[in-house]
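Reader: Could we go through some side-chain contacts and one pocket of this model together? I will ask short questions as we proceed.

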Amino acid sequence: MTTKYIATHPDANVEFKTTVVATTDGAYQPALDQALSAGGKDAPDIYAAEAAFVLKYTQGDASSFAANYADLGLDNTMVQDAGIAQYSIDIGSKGGELKALAYQATGGAFIYRRSIAKDVFGTDDPATVKNEVGPGWDKFFGAAAKLKAKGYGIVSGDGDIWHAIENSSDKGWIVDGKLHIDPKREQFLDLSKKLKDNGYHNDTKDWEEGWFADMSGTGSQPIFGFFGPAWLINYVMNGQVKDTNGDWAVTEPPTGFFWGGTWLIGNKDVVKNDAKRAAVADFIKWVTLDTSETGLQYYWANGTMKDGEKGTKDTVASSVVMSKSNGEVELLGGQNMFDVFVPANANATGKNLSQFDETINSLWRGQVREYTAGTKNRDKAIADFKQQVKDQLQIDSE
């Protein structure tokens with residue numbers, strides 16, 4: 001992005017000094033926290049935070065380092081004019097003050113195999129398939145039974161429904177400083193067990209070999225679909241589908257959700273220096289709010305980041321940009337994915353996150369797998385989960 005910005009802004013008097021720290025193995029946050037706390041010339045003027053921990057930097061313990069977008073000269077009118085999805089704004093705001101925006105939009109859809117839809121439902125039309133798999137989980141499991149009768153699994157593993165459940169819950173994991181298990185998240189225990197007991201999935205774990213095998217149709221039973229945003233299609237499935245390329249389509253999921261994303265934040269100290277403030281504001285604006293054909297989001301949406309190359313298309317934060325972009329994707333048989341993802345972004349909610357989601361989600365999913373495997377009962381799984389959260393995060397349960 002910084003390279004593209006320099007190339008498209010030849011008159012910009014700015015030099016980027018970039019620090020890259022992987023978000024794997026828990027290295028990123030400590031490094032960023034140390035740099036922000038130390039301040040001075042080594043502190044980043046602009047920094048990024050992923051969905052798994054962004055609330056810490058926009059609303060939580062480290063939010064005091066973030067500049068208000070308004071103080072950078074980026075006002076609410078710009079946000080409205082760009083048609084930014086509300087969930088992204090909510091996540092990036094504290095007390096009504098916007099502190100961060102994402103450049104991607106990660107509203108989720110249901111991504112399914114066209115050939116299996118035709119075999120089981122008589123059509124691969126997204127308008128019909130959405131009414132087979134939803135709205136709601138009862139319809140979804142009705143579809144799972146129909147698929148199973150013809151030898152298909154509806155999803156690869158329980159992780160495939162988790163993100164749809166996690167990010168459609170009414171409340172997050174932390175309410176008034178205590179661990180809260182939202183009824184929709186608690187229901188994951190039962191839905192996960194139902195998937196396993198009925199053989200509705202191949203019992204894979206996301207990001208592991210079996211999950212990828214199901215994308216290419218080489219798993220133990222053919223799998224109908226996956227839940228995810230555009231990045232799952234274009235960055236993950238794209239490298240895995242092999243012979244199933246073009247045999248996919250997207251439709252509305254049983255419940256609105258989002259999964260992932262990266263938010264851009266300006267250091268509040270840049271406001272003290274007019275030249276630096278202007279430079280930071282212009283870059284953040286170009287990445288998150290510029291709806292022109294020379295803004296980052298237009299390049300990103302159309303796969304034209306590199307001149308002369310046909311790159312990866314992605315859903316972006318601005319619905320205005322997507323409305324004038326070409327979202328046709330070969331993997332989806334030429335379907336325009338923006339037709340589904342623009343409403344998906346609008347249906348996502350950003351009001352159920354906490355700054356501890358990365359840790360708590362991992363603990364919860366571990367206990368759910370133990371329950372569905374039969375190694376402990378439901379009450380024990382919940383009790384152990386609460387104890388783990390207390391031990392690791394010093395957070396008591398309600």
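Reader: Is Arg378 buried or exposed, or in between?
Author: Arg378 is partly exposed, at 22% relative accessibility; buried means under 20% relative accessible area, exposed over 50%, and partly exposed in between, with a 1.4 Å probe and protein chains only. This is a predicted model, in which local features need pLDDT of at least 70 and side-chain atom pairs count only at pLDDT 80 or more, while totals for chains, interfaces and linings use all residues. Residues are numbered from 1 along each chain as its sequence is written, and side-chain values use heavy atoms, with hydrogens and water left out.

Reader: Which side chain does Arg378 meet in a salt bridge?
Author: Its partner is Asp190, at 2.9 Å from N to O. A salt bridge here is a side-chain nitrogen of Lys or Arg within 4 Å of a carboxyl oxygen of Asp or Glu. Asp190 is partly exposed, with a relative accessible area of 33%.

Reader: Where do the two residues lie?
Author: Asp190 belongs to helix α10 (residues 183–197) and Arg378 to helix α18 (residues 378–393), so the salt bridge ties together parts that are 188 residues apart in sequence. Helices are DSSP runs of H or I with at least four residues, numbered from the N terminus.

Reader: How many salt bridges are there in the whole structure?
Author: The search finds 24. One of them joins Glu132 and Lys146 at 3.0 Å, N to O. Glu132 is in helix α7 (residues 126–133) and Lys146 in helix α8 (residues 137–149), 14 residues apart. Glu132 counts as buried at 19%, whereas Lys146 is partly exposed at 44%.

Reader: Which residues are linked in a network of salt bridges?
Author: Asp158, Lys196, Asp203 and Arg369 form such a network. Within it, the side chains of Asp203 and Lys196 meet at 2.6 Å, N to O. Asp203 is partly exposed at 32%, and Lys196 is partly exposed at 29%.

Reader: Changing topic, how much space lies in the second largest pocket?
Author: About 260 Å³. On a 1 Å grid over the protein atoms alone, a pocket is an open set of points where a 1.4 Å probe fits, with protein on both sides within 12 Å along at least five of seven lines.

Reader: What lines the second largest pocket?
Author: The lining, meaning residues with an atom within 4 Å of a point, includes Asn234, Lys310, Thr312 and Glu328. It divides into two nonpolar, five polar and four charged residues.

Notes:
Points joined across faces, edges and corners; volume = space filled by probe spheres on them. Nonpolar A, V, L, I, M, F, W, Y, C, P; charged D, E, K, R; others polar.
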